[in-house]
Amino acid sequence: MTSKEFEILFRKLYLPLGMYALRIVEDADVAEDLEQDAFMKAWLYIEKGGEIDNFSSFMYRTVRNVCLSYLRYKRDTLDESNIPDVGEEEIDSSFRDARIWKAIDDLPEKCREVFLMSKQDGFSNEEIAEELGISIKTVKNQMTKAFSRLREALSDNHKPFFLPFL
C-alpha cells in the first residue's frame with residue numbers, strides 16, 4: 001500500500017472510526033487520540049511489509065483493540081461483554097453518525113449553535129433566546145432552517161432520518 005492509498009483510506013474512514021471509538025470510550029478527545037494511535041499502528045505495520053487484505057475491517061478491529069487497552073488501563077478491570085464486537089451494524093452506525101455530524105458541522109454558525117443548544121444541551125427556545133440575546137421567533141426560524149438543511153443533507157430519496165445521539 002502506498003502512502004497515497006493510505007491517505008485516501010484515512011480520509012474515508014477517519015470520521016466513522018472516530019464515531020466508533022467515541023461509542024466505546026465515551027470521551028471525544030480520548031477517542032480522537034486513540035483513533036490516531038490506531039492509524040499510526042496500521043501505518044507502521046504497513047511500513048514493515050505487513051499486508052492488509054481488508055483495510056476497513058483491519059482499522060475497525062485496531063480501533064476496538066486500542067480502545068479496549070485504554071479502558072483496561074483506565075479501569076484496571078474491564079467487562080468486555082459491554083463492548084460491541086466489530087460487525088456490519090457497528091460499521092454502518094459509525095458511518096451514519098459521521099454523516100450526521102458532518103451535516104451538523106456544515107450548518108451556518110448561528111443555526112448550528114441554536115440547533116445544538118436545543119438538541120444536544122436540552123435548552124428550551126426561551127432559554128436559547130435569553131442566552132444568545134435573540135428573539136424566540138429567531139430561535140424557531142433557526143431551528144426550522146437547521147431541520148430543513150439536515151433533512152436535505154441526510155435524506156436518501158427522502159427516507160426519514162433521526163438524530164440518535166443528540
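**Aromatic pairs, salt bridges and a charged patch**

The count of aromatic pairs comes to nine, where rings of Phe, Tyr and Trp (its six-membered ring) pair if their centres lie within 6.5 Å, and planes under 30 degrees apart count as stacked, over 60 as edge-to-face and the rest as tilted. One of the pairs is Phe10 with Phe39: the ring centres are 4.6 Å apart and the planes stand at 70°, so the arrangement is edge-to-face. This pair links distant parts of the chain, with Phe10 in helix H1 and Phe39 in helix H2, 29 residues apart. Helices here are DSSP runs (H or I, at least four residues), as are strands (E, at least two), and both are numbered from the N terminus. Phe39 is buried at 4% relative accessibility, whereas Phe10, at 29%, is partly exposed; buried means under 20% relative accessible area, exposed over 50%, and partly exposed in between (1.4 Å probe, protein chains only). The areas themselves come from the Shrake-Rupley method with a 1.4 Å probe, and for residues only the protein chains shown count as cover.

A word on the model is useful at this point. It is a predicted one, in which local features need pLDDT of at least 70 and side-chain atom pairs count only at pLDDT 80 or more, while totals for chains, interfaces and linings use all residues. Residues are numbered from 1 along each chain as its sequence is written, and side-chain values use heavy atoms, with hydrogens and water left out.

Tyr45 and Phe58 offer a stacked aromatic pair, 5.6 Å centre to centre with 25° between the planes. Here too, distant parts of the chain are linked: Tyr45 belongs to helix H2 and Phe58 to helix H3 (residues 55–75), 13 residues apart. Both rings belong to partly exposed residues, with relative accessible areas of 38% for Tyr45 and 26% for Phe58. Phe10 and Phe39 also take part in one aromatic cluster, together with Phe6, Tyr14, Trp43 and Phe55.

The wider setting is helical: the protein chain holds seven helices and zero strands, running α-α-α-α-α-α-α from the N terminus on. Of its 166 residues, 34% are buried.

Where do charged side chains meet in salt bridges? A search of the whole structure finds two such contacts, each defined as a side-chain nitrogen of Lys or Arg within 4 Å of a carboxyl oxygen of Asp or Glu. In one, Glu7 meets Arg11 at 2.8 Å, N to O. These residues are four apart in helix H1 (residues 3–25), and therefore separated by about one helical turn. Glu7 is partly exposed at 30% relative accessibility, and Arg11 is exposed at 61%. In the other, Glu113 meets Lys110 at 3.4 Å, N to O. Both lie in helix H5 (residues 109–119), three residues apart, about one turn of the helix. Glu113 is partly exposed, with a relative accessible area of 30%.

Finally, Asp27, Asp29, Glu32, Asp33 and Asp37 form a negative surface patch. Patches are made of residues with over 30% relative accessible area and no salt bridge, with like charges joined within 9 Å and nonpolar side chains (Val, Leu, Ile, Met, Phe, Trp, Tyr) within 5 Å. Lys and Arg count as positive and Asp and Glu as negative, while His and the chain ends are not counted; the place of a charge is taken as NZ of Lys, CZ of Arg, CG of Asp or CD of Glu. Within the patch, Asp29 lies in helix H2 (residues 28–47) and is exposed, at a relative accessible area of 58%.
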